[in-house]
Amino acid sequence: MQHETAEILAAIQAGNTPAEDFAHLKLPESYRAVTVHADEAEMFAGLASRDKDPRRSLHVEDVATPELGPGEAIVAVMASAINYNSVWTSIFEPVSTFSFLKRYGKVSELTRRHDLPYHVIGSDLAGVVLRTGPGVNKWKPGDEVVAHCLSVELEDAEGHDDTMLDPQQRIWGFETNFGGLAHLALVKSNQLMPKPAHLTWEEAASPGLVNSTAYRQLVSKNGAAMKQGDVVLVWGASGGLGSYATQMALNGGAIPVCVVSSPDKAEICRAMGAELIIDRKAEGYKFWKSQTEQDPKEWQRFGARIRELTGGEDPDIVFEHPGRETFGASVYVAKRGGKIVTCASTSGFNHSYDNRYLWMNLKSIIGSHFANYREAWEANRLIDKGMIHPTLSKTYALEATGQAAYDVHQNLHQGKVGVLCLAPREGLGVRDAAKRARLLPAINRFRNV
Ligand SMILES: NC(=O)c1ccc[n+]([C@@H]2O[C@H](COP(=O)([O-])OP(=O)(O)OC[C@H]3O[C@@H](n4cnc5c(N)ncnc54)[C@H](OP(=O)(O)O)[C@@H]3O)[C@@H](O)[C@H]2O)c1
């Protein structure tokens, strides 16, 4: 570790370093970061997605510290987390993220910094503000923060009601450079939110992206606008998004029907408080007969199982993200007038479904993507209030990020997988021990499963 980085870490660990001292800490000229390389974008050509190995494409190396611009902050990253977008970047699917950086680089003189032959990835962080650029008043060096991943320019009117509608909307650390899987990160200051004081660095870093996404998708009026008593079918209910959707359904008085693929995952859903659980593997659903043809009998069998669990009710909301493999079933099982709200296509983005079930039964499909500023803030507030909890199952060292992304790619993980960046070990960063003690069993639900 560089001398300057070691001094930054010492100041953070001291726990009582004044803001002026943080402001006077020297920034290192380079820092340790997880990257992909533009000249390796074709390295997996011809391989099936499953065989593309993030351990080969993700590098941990020193990169130059970026220049700080107006409205921005440089943050010392104590911990980050793996998101599925880290997997997409590492396997260069569906496109190489260098195309995003190139496009962003053309927006202004300042954004040109992002267009580099390497991409520092990562869309979550918990850490400490080191420097703020001109025009930043709300945050100062020394503030303990988490960052959401919405990067917008807001120069056009389209995004002024709902910041996700900004034509220059991007996901930080995926469609921009200088992400969170690193010792330092560059963010826009309006990505910053207070770090929940009862959590460790790695716990605080893990909800961000998926928690905010689940909030918009399920709770917000921009998504499914869930209400008390709604039956919510949650695909991948113990995974990144699903573990937050399940908690939000329970917290909001809805009834989650959790779909998972193993008894361990079913057990985690029970630990969160869910009672209605479907093990899709044990029950052997095969929604596709062949590459081109789905099997409506399997949709019916799945729907009948949901009714058996709910006492005859169909889902008001289907929380969709697996995509091609499940979408036909999702449209079929949703209630008359129900909503299928989708934010992803993990198993393939060309969805097909029988439209008769959609129009005749007045169902609607809603597209949802990340969260606007306000939604991300509300989602973080729920974590801070101890109403929704991190779902961290395992934490890796920065040097082992390739393995962490491999686990998520192969669906070997539960909940969220964390990465320690500057934090030398797990368990640091708690500032409110009493609140933590009260919430500890819920915080640890996903540990050691
Ligand atoms: N648009 C956005 O803003 C946004 C934000 C976050 C994530 N995403 C996307 O959402 C997807 C899920 O992200 P995540 O973080 O939740 O990933 P994750 O942690 O891997 O969880 C996804 C879960 O989905 C289930 N699943 C996977 N393939 C499936 C299939 N073919 N059929 C049924 N279930 C399947 C798995 O659960 P079981 O095996 O237990 O069933 C898995 O645990 C990714 O594609 C990601 O890129 C989009």
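Four helices, α4 (84-90), α7 (208-219), α8 (240-251) and α11 (324-333), each give at least two residues to the shell around the ligand. The largest share, three residues, belongs to α7. The model is a predicted one. Besides the ligand site, two open sheets are described below: one has six strands with parallel pairing, and the other has three strands with antiparallel pairing.

**The ligand and its shell**

- The ligand is surrounded by 25 residues.
- The closest of these are S261, R280, T346, F370 and H413.
- By type, the shell holds 10 nonpolar residues, 12 polar ones and three charged ones.
- Helix α7 supplies three shell residues, the largest share.
- Helices α4, α8 and α11 also supply at least two shell residues each.

**Polar contacts of the ligand**

- R280 is among the closest residues. An N or O atom in the side chain of R280 is 2.7 Å from an oxygen atom of the ligand.
- The backbone takes part at G240, where a polar atom lies 2.8 Å from a ligand oxygen.
- K265 offers an N or O atom of its side chain, 3.3 Å from an oxygen atom of the ligand.
- On its own, the ligand exposes 910 Å², and the protein buries 91% of that area.

**The six-stranded sheet**

- The strand order is β13-β12-β11-β14-β15-β16. The sheet is open, and its pairing is parallel.
- Strands β13 (276-279) and β16 (364-367) are the edges, and each pairs on one side only.
- From one strand to the next, the twist averages 20°.
- Four bridges link β12 (residues 255-260) to β13 in the parallel sense.
- Within this pair, V257 has L276 of β13 as its bridge partner.
- Helix α8 packs on this sheet and touches β11, β12 and β14. The direction of α8 makes about 160° with that of β12.
- Helix α7 lies across β11 (231-234), β14 (317-320) and β15 (339-342). The angle between α7 and β14 is about 150°.
- Both α7 and α8 also supply residues to the ligand shell.

**The three-stranded sheet**

- This open sheet runs in the order β2-β1-β4, with antiparallel pairing.
- Its edge strands are β2 (59-64) and β4 (118-120), each of which pairs on one side only.
- Neighbouring strands are turned by 60° against each other on average, direction ignored.
- Strands β1 (residues 30-37) and β2 pair in the antiparallel sense over six bridges.
- In that pair, T35 stands opposite H59 of β2.
- Helix α5 packs on the sheet and touches β1 and β4. The direction of α5 makes about 90° with that of β4.

**Backbone details in loops**

- The peptide bond joining E93 and P94 is cis, with omega about -15°.
- P94 sits in the loop between α4 and α5 (98-105). Helix α4 is one of the helices that supply the ligand shell, while α5 packs on the three-stranded sheet.
- L362 has a positive phi near 50°, in a residue other than glycine.
- L362 is placed in the loop between α12 (355-360) and β16. Strand β16 is an edge strand of the six-stranded sheet.

Key: Residues are numbered from 1 along each chain as its sequence is written. This is a predicted model: local features need pLDDT of at least 70, side-chain atom pairs count only at pLDDT 80 or more; totals for chains, interfaces and linings use all residues. Side-chain values use heavy atoms; hydrogens and water are left out. A residue is near a molecule or strand if one of its heavy atoms lies within 4 Å of it. A polar contact is a pair of N or O atoms within 3.5 Å; within protein, one must be able to donate a hydrogen and the other to accept it, and residues adjacent in sequence count only if both atoms are side-chain atoms. Accessible areas come from the Shrake-Rupley method with a 1.4 Å probe; for residues, only the protein chains shown count as cover. Ala, Val, Leu, Ile, Met, Phe, Trp, Tyr, Cys and Pro count as nonpolar, Asp, Glu, Lys and Arg as charged, and the others, Gly among them, as polar. Two strands pair if DSSP finds at least two bridges between them. Axes are lines fitted to C-alpha atoms, for helices over the stretch in contact, and angles run from 0 to 180 degrees between N-to-C directions. Contact means heavy atoms within 4.5 Å.
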